[in-house]
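Reader: I should like to understand how the terms used for a protein model are justified. May I put some questions to you about this one?

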Amino acid sequence: MRAKVVTIDRHIIDQERKHPGASGRFSALLYDIALAAKLISREVNKAGLVDVLGKTGATNVQGEEVQKLDDFAQEVIVKAMDHAGHLCCMVSEECDDIIPIPGKFETGNYVLLFDPLDGSSNIGVNVSIGTIFSIHHKVSPGRHGTLEDCLQPGSRQVAAGYIVYGSSTMLVYTTGKDGGAHGFTLDPSIGEFLLSHPNIRLPEPPARIYSVNEAYYPRWSPGQQRLVDHFRGMNGESGGGYKSRYIGSLVSDFHRTLLVGGLFMYPLEKRAPAGKLRILYEAAPLALVCEAAGGRASDGARDVLDIVPKGLHDRTPLFLGSRHLVDLAEQYLREGSES
Ligand code: P6P
């Protein structure tokens, strides 16, 4: 029997109906994110055809060269989200400080935190890239968002998700553990995100895949080295039989992990003592999606969702994926620190 066609708008309305008294503001916020995703997808998918490649010469807070598509994605999201009255402020990887809602627009009770185009160094070589978003409730008094509204633990997110611009454009979102994680594939011929992956669950048993940049092996902790030795089946370790898959684009590496299982790692290392990936708009939103799909997300010692960041661009080590593999990583790191 043919599966029914469910657009993301229909899905959001159905989800909203499960929350009597919902204002509809939150649903409208998700529609606007889907709209921004369609606009970014259109540009990303023709990047090689028009002069959108190349660098603007500017650098962002991370000191990374900003590619023109980064600028475009940043601008699309801000302009799609700043005037609808849902938000009290925004936070972006591309901006040092909080992005306020212009005084001429109505403000709302949500905070949007996002990485407009993660993995942008891959744009020029046609490797999949992505947008990551996180939504919190406003907690401070007054109309405008403050640091207090932004620096919240990931466990308080009301929704989170990502868009991966790959062989197809997919949007995956969750409204938290009980809401499940759902994937929508963009049909560019009608400009609609259609439900293609309802209730995503990390498979058990997971694929025997570990994902990490092994070039940093010499700079890892002893526990991290022994963990990867285990996956490689070295030194008579009981492990082995794993494959290594590392794209170097967080959204792509996570999306594969979410669909087939395995373990994605970006551990700390001597040159990145706090890790590389940012808490608010990378680790925490992907952690919410991962946990909603039955997986786990850790910084190597504790749940990512419990971390309370001190700064907008704070970083964390990240272990994301199949529950028992994240547990195993914590075990090796704990034993490594005790030896
Ligand atoms: P490395 C891309 O620049 C990014 O922020 C993530 O998308 C990706 O997971 C990571 O950096 C790759 O970092 O050090 O392995 O090149």
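Author: Let us begin with two strands. In this predicted model, strand β9 (residues 181-187) and strand β10 (residues 192-197) run antiparallel and are joined by five bridges.

Reader: What makes β9 and β10 a pair of strands?

Author: Two strands pair if at least two bridges are found between them. Five bridges join β9 to β10, so the two strands pair. One example is T185, whose bridge partner in β10 is L194.

Reader: What do β9 and β10 form, and what is found in the turn?

Author: The two strands form a hairpin, with four residues between them. In the turn, G191 has a positive phi of about 65°.

Reader: Why is G183 called buried?

Author: G183 is found in strand β9. A residue counts as buried under 20% relative accessible area. G183 has 0%, and it is therefore buried. From G183 to F193 the distance is 9.0 Å, C-alpha to C-alpha, and the two are 10 residues apart in sequence.

Reader: Which term applies to G294: buried, partly exposed or exposed?

Author: G294 lies in the loop between α7 and β15. Its relative accessible area is 28%. Buried means under 20% and exposed means over 50%, with partly exposed in between. The value for G294 falls in between, so the residue is called partly exposed. G294 and S168 are 24 Å apart in space, C-alpha to C-alpha, and 126 residues apart in sequence.

Reader: How do you know how many disulfides the structure holds?

Author: A disulfide is a pair of cysteine sulfur atoms within 2.5 Å. The structure holds zero disulfides. For C89, the nearest cysteine sulfur is that of C150, at 3.7 Å. This distance is not within 2.5 Å, and therefore C89 is in no disulfide.

Reader: Why do C89 and C290 count as buried?

Author: The limit for buried is under 20% relative accessible area. C89 has 1% relative accessibility, so it counts as buried. C290 also has 1%, and the conclusion for C290 is therefore buried.

Reader: What makes E282 a buried residue, and what does its side chain reach?

Author: E282 has its place in helix α7 (residues 279-292). Its relative accessible area is 1%, which is under 20%, so E282 is buried. The side chain of E282 reaches the backbone nitrogen of R278 at 2.7 Å. A polar contact requires a pair of N or O atoms within 3.5 Å, and the distance to R278 satisfies that cut-off.

Reader: Why are β12 and β15 called edge strands?

Author: They belong to an open sheet of five strands in the order β12-β11-β13-β17-β15, with mixed pairing. The edge strands are β12 (243-244) and β15 (296-298), each of which pairs on one side only.

Reader: How do you know that β11 and β12 pair?

Author: Strand β11 (residues 209-211) and β12 share two bridges, in the parallel sense. At least two bridges are required, so the condition for pairing is met. Within this pair, I209 stands opposite K243 in β12.

Reader: What makes helices α6 and α5 mostly covered?

Author: In α6 (residues 250-260), nine of the 11 residues are buried; among them are L250, F254 and L258. In α5 (residues 222-232), eight of the 11 residues are buried, including L227, V228 and F231. A glycine with positive phi follows each helix: G261 comes just after α6, with about 90°, and G233 follows α5, with a phi near 75°.

Reader: How do you know which residues are around the ligand?

Author: One heavy atom of the residue must lie within 4 Å of the ligand. The residues around it are D118, G119, N213, Y216, Y246, G248, S249, L250, Y266 and K276. This shell divides into four nonpolar, four polar and two charged residues.

Reader: What makes the approach of D118, N213 and L250 to the ligand a polar contact?

Author: The cut-off is 3.5 Å between N or O atoms. An oxygen atom of the ligand is 2.4 Å from an N or O atom in the side chain of D118. For the side chain of N213, the corresponding distance is 2.9 Å. A polar backbone atom of L250 is 2.8 Å from an oxygen atom of the ligand. Each distance is within 3.5 Å, so each is a polar contact. Taken alone, the ligand exposes 400 Å², and the protein buries 86% of that.

Conventions:
Residues numbered from 1 in each chain as written. Predicted model: local features only at pLDDT ≥ 70, side-chain atom pairs only at ≥ 80, totals over all residues. Heavy atoms only, no water. Polar contact = N/O pair within 3.5 Å; in protein donor to acceptor, adjacent residues only side chain to side chain. Areas by Shrake-Rupley, 256 points an atom, 1.4 Å probe, with all protein chains shown as cover. Nonpolar A, V, L, I, M, F, W, Y, C, P; charged D, E, K, R; others polar. Buried < 20%, exposed > 50% of the residue type's maximum accessible area, 1.4 Å probe, protein only.
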